Number of protein chains: 2
Amino acid sequence: MVHNSKTGNGRVARPYVPSRPTIKDVASRCGVHPSTVSRALSPAMSHLVAANVAKRIRAAVAALRYQPNVTAAGLRTGRSGLIGVLAPDISDPGFPPILSGITETLGGAGYATIVVDVGPDRSRQRQLVDRLIARGVDGLVLLTVALNDPVVGHCIAAAIPVVLVNRTDAARKLSAVATDDEVGMRLAVEHLAGLGHVSIGHIAGPPHVSTGVLRRAGFEASAARAGLKPNNIMVETAGAYTREEGRLAALRLLDRKRAPTAIVAANDLLALGIYDALRERGLHCPADISVVGHNDMPYVDMLSPPLTTVRIAQRQMGNQAARLLLDEIADPAAHRERVVLEPKLIVRASTARPKR
Amino acid sequence: MVHNSKTGNGRVARPYVPSRPTIKDVASRCGVHPSTVSRALSPAMSHLVAANVAKRIRAAVAALRYQPNVTAAGLRTGRSGLIGVLAPDISDPGFPPILSGITETLGGAGYATIVVDVGPDRSRQRQLVDRLIARGVDGLVLLTVALNDPVVGHCIAAAIPVVLVNRTDAARKLSAVATDDEVGMRLAVEHLAGLGHVSIGHIAGPPHVSTGVLRRAGFEASAARAGLKPNNIMVETAGAYTREEGRLAALRLLDRKRAPTAIVAANDLLALGIYDALRERGLHCPADISVVGHNDMPYVDMLSPPLTTVRIAQRQMGNQAARLLLDEIADPAAHRERVVLEPKLIVRASTARPKR
DNA sequence: CTGAAAGCGCTTACAG
DNA sequence: CTGAAAGCGCTTACAG
């Protein structure tokens with residue numbers, strides 16, 4: 001390939017590219033020292049440079065379309081302006097609004113966001129965190145943390161600002177933003193109880209993640225408080241937050257001798273699986289069984305029937321996480337903080353009075 | 001706040017943090033020069049260092065848990081190992097699988113991905129590209145490009161490797177990966193014609209994006225080829241790929257004197273809007289009107305009725321985009337390439353024979 | 001208010 | 001095969 005031929009000096013020949021102007025170019029154009037340019041361009045230092053000099057510098061910057069090399073500055077200052085976001089599964093429909101909230105707030109503060117998909121193998125998490133640290137990220141947002149996750153200790157040892165989203169670490173050593181899982185489940189259970197259901201099932205999320213145990217606890221407490229008999233409070237645990245696991249768990253619930261008349265899922269994906277299971281058993285929702293989801297992920301209002309679910313403020317969760325992280329970067333010694341967002345019940349058509 | 005008190009030297013006091021080891025630490029521990037460590041750790045240069053020395057170095061690296069500072073290396077080599085991804089709307093359900101494909105392939109090659117949400121204001125795009133370039137990204141993946149988008153010329157001027165995803169630039173000056181829009185529409189139209197529909201509407205995407213015009217052209221050509229009379233080929237254009245725009249356009253179609261018996265939407269979000277419009281008019285799908293979507297976004301199989309749609313290989317699109325970009329980075333002088341992926345019709349329950 | 005110097009942590013010609 | 005030096009583009013004490 002002729003385009004790829006090497007030149008005598010051993011480098012790949014390529015079309016001449018005007019390399020980006022540097023601070024030196026700006027300086028020589030203005031007849032000042034590069035450090036003066038640097039000062040003029042730094043909000044914290046610009047008060048040190050004469051107004052007319054600063055003006056000339058700004059003009060040269062504009063003329064040359066100079067943009068500071070963030071990487072070089074970062075090497076010097078030790079700050080990269082990069083934040084790493086670790087997601088358990090980018091394809092999860094709950095992720096985009098959270099990410100959007102994160103990048104919105106972070107972008108506003110001049111930070112860029114590196115997104116990493118951990119994938120199903122959670123053990124890679126630590127390695128990925130290390131890789132991010134090697135890139136010099138100034139902070140981390142983790143959407144992946146399990147209860148008693150070793151990555152927590154790892155981050156603390158690395159002394160890097162971290163905030164957890166939609167997850168909590170058992171030791172509560174890191175800042176976190178989450179929805180109020182207890183309230184969410186209470187809303188769901190009270191709605192169902194109000195409709196007349198006296199026998200309610202729950203499909204719990206995995207026990208190693210905080211939402212799994214917190215929502216389960218919230219469900220059980222609310223059901224008891226609503227006066228359900230212990231025998232009429234049934235829980236099946238899903239191995240993961242997936243539609244298929246939801247289906248399997250729902251089948252287990254439906255096949256019990258005295259199946260519940262309503263099921264509360266720990267999240268909407270699980271609820272989707274309940275719909276699958278119902279169809280499989282020839283059961284109708286809400287005529288035979290009421291279903292409540294959790295999260296209000298996009299388009300569940302389009303399902304058949306439209307899903308009654310607990311809406312959580314995902315974008316806001318992202319915003320708050322970014323805010324917390326920014327605070328921690330600004331003052332690493334500040335207290336860890338937890339932000340708890342209020343969920344809201346969205347009643348649609350998947351819930352109704354029980355038959356009997 | 002006592003934790004935030006300043007010390008005499010004017011710097012914020014913070015707990016002692018063992019700073020990351022550098023190449024110097026490794027070198028001095030091994031009694032060699034830093035450059036030797038660098039060589040030992042570089043796949044391209046390691047053949048230059050003696051086996052036993054290399055071994056000692058590797059041991060020291062492991063003992064110190066040394067990780068090269070990617071930023072510093074980047075400053076020297078001019079490569080950051082960072083790729084920027086510009087998305088029109090992170091919350092679009094079509095985005096996650098594409099992003100996932102991109103990060104998967106890029107991550108495998110040692111690159112990290114910076115995700116930027118352009119948001120509704122497309123004019124920011126250029127500025128965001130500049131910001132990414134200032135960060136030294138080695139390449140760009142653009143999911144946002146409009147036909148005749150000035151950002152294309154901008155990227156070419158900046159001589160930065162770019163690949164377009166699911167979009168095409170009018171001048172075709174950049175590499176791109178897209179689905180075969182013409183085939184997709186043909187699949188949809190032939191399916192409907194085969195069912196007996198002789199009057200078919202299309203809700204086209206915005207005319208400033210390639211999929212908008214390509215799919216529309218594909219629709220019109222296929223409809224004509226299927227023998228539909230010109231009067232029975234109806235098109236309404238949506239101002240954006242949103243559910244609401246889909247609803248509005250569908251209403252316009254339904255309110256025509258001779259409304260079609262089937263509608264093909266340029267994407268699934270638009271199809272969701274058709275469902276809304278149908279409900280509003282008291283019409284049933286597929287009894288009164290058949291609907292075909294495009295993209296097969298997550299969970300449209302759960303809609304009521306489950307949506308017949310054209311499935312496009314989104315994750316693969318992301319993989320291929322990353323591959324193309326990697327190729328272009330490796331050889332910037334190589335030809336621009338276009339990858340066209342084959343779509344597939346997924347027949348579900350939103351299509352049926354027409355009533356009459 | 002400004003210049004000159006040092007240095008962030010690497011990599012890579014240049015010698016030997 | 002290895003060391004010493006230079007330099008990537010910045011920022012920031014240090015002088016003046």
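Strands here are DSSP runs of E with at least two residues, numbered from the N terminus. Keep that handy, and remember that you're looking at a predicted model.

**Exercise 1. Find where A:Asp296 sits, and work out whether A:Asp296 is buried or exposed.**

Step 1: Place the residue. A:Asp296 falls in the loop between strand 9 and strand 10 of chain A.

Step 2: Check the backbone. Phi of A:Asp296 is near 55°, which is a positive value in a residue other than glycine.

Step 3: Count neighbours. A residue is buried if 20 or more other C-beta atoms lie within 10 Å of its own. A:Asp296 has 24 C-beta neighbours inside 10 Å, so A:Asp296 counts as buried.

**Exercise 2. Do the steps again for B:Asn166: where does B:Asn166 lie, and is B:Asn166 buried or exposed?**

Step 1: Look in the loop between strand 4 (162-165) and strand 5 (175-179) of chain B, and you'll find B:Asn166.

Step 2: Its phi is positive, about 60°, although B:Asn166 is not a glycine.

Step 3: There are 27 C-beta neighbours inside 10 Å, so B:Asn166 counts as buried.

**Exercise 3. Describe the peptide bonds before A:Pro305 and B:Pro286.**

Step 1: Start in chain A. The bond joining A:Ser304 and A:Pro305 is cis, with omega about -5°. A:Pro305 is in the loop between strand 9 (290-295) and strand 10 (308-311) of chain A.

Step 2: Move to chain B. From B:Cys285 to B:Pro286 the peptide bond is cis, and omega is near 5°. B:Pro286 belongs to the loop between helix 11 and strand 9 (290-295) of chain B.

**Exercise 4. Work out how helix 5 and helix 12 of chain A pack.**

Step 1: Read the geometry. Helix 5 (residues 95-108) and helix 12 (residues 314-330) of chain A pack at an angle of about 40°, and their axes are 6 Å apart.

Step 2: Classify the angle. Under 35 degrees would count as roughly parallel, and 65 to 115 as roughly perpendicular. Helix 5 and helix 12 of chain A are therefore oblique to each other.

Step 3: Add the handedness: the crossing of helix 5 and helix 12 of chain A is right-handed.

Step 4: See what touches. Helix 5 of chain A brings residues including A:Pro97, A:Ile98 and A:Gly101, while those from helix 12 of chain A include A:Gly318, A:Ala321 and A:Ala322. By class, this contact of helix 5 with helix 12 of chain A has 8 nonpolar, 7 polar and 3 charged residues.

**Exercise 5. Which residues does B:Val141 touch, and what core goes with it?**

Step 1: Leave out residues up to four places away in sequence, and B:Val141 touches B:Ile83, B:Val85, B:Ile102, B:Val163, B:Val165, B:Ala321 and B:Leu325.

Step 2: Zoom out. The largest nonpolar core has 90 residues, and B:Val141 is one of those with the most contacts inside it, along with A:Val141, A:Val163 and B:Val163.

Step 3: Don't miss the second, separate core of 84 residues, which includes A:Ala223, A:Leu270, B:Leu192 and B:Met234.

**Exercise 6. How many residues of chain B are in contact with chain A, and which elements supply them?**

Step 1: Get the count. In chain B, 44 residues are in contact with 44 residues of chain A.

Step 2: Find the elements. Helix 4 (70-77), helix 5 (95-108), strand 2 (112-117), helix 6 (125-134) and helix 11 (268-281) of chain B each supply at least two residues of the side touching chain A.

Step 3: Sort by class. That side of chain B has 26 nonpolar, 13 polar and 5 charged residues.

Terms used. Residues are numbered from 1 along each chain as its sequence is written. Chains are lettered from A and ligands numbered from 1 in the order in which they are written. This is a predicted model: local features need pLDDT of at least 70, side-chain atom pairs count only at pLDDT 80 or more; totals for chains, interfaces and linings use all residues. Axes are lines fitted to C-alpha atoms, for helices over the stretch in contact, and angles run from 0 to 180 degrees between N-to-C directions. Helices (H or I, at least four residues) and strands (E, at least two) are DSSP runs, numbered from the N terminus. Angles under 35 degrees count as roughly parallel, over 145 as roughly antiparallel, 65 to 115 as roughly perpendicular and the rest as oblique. A crossing is left-handed if the near helix is turned anticlockwise from the far one by less than a right angle, and right-handed if clockwise. Two residues are in contact if their C-beta atoms, placed from the backbone, lie within 7 Å. Ala, Val, Leu, Ile, Met, Phe, Trp, Tyr, Cys and Pro count as nonpolar, Asp, Glu, Lys and Arg as charged, and the others, Gly among them, as polar. A nonpolar core is a set of buried Ala, Val, Leu, Ile, Met, Phe, Trp, Tyr and Cys residues joined through C-beta atoms within 7 Å. A residue is buried if 20 or more other C-beta atoms lie within 10 Å of its own, exposed if 12 or fewer, and partly exposed in between; C-beta atoms are placed from the backbone.
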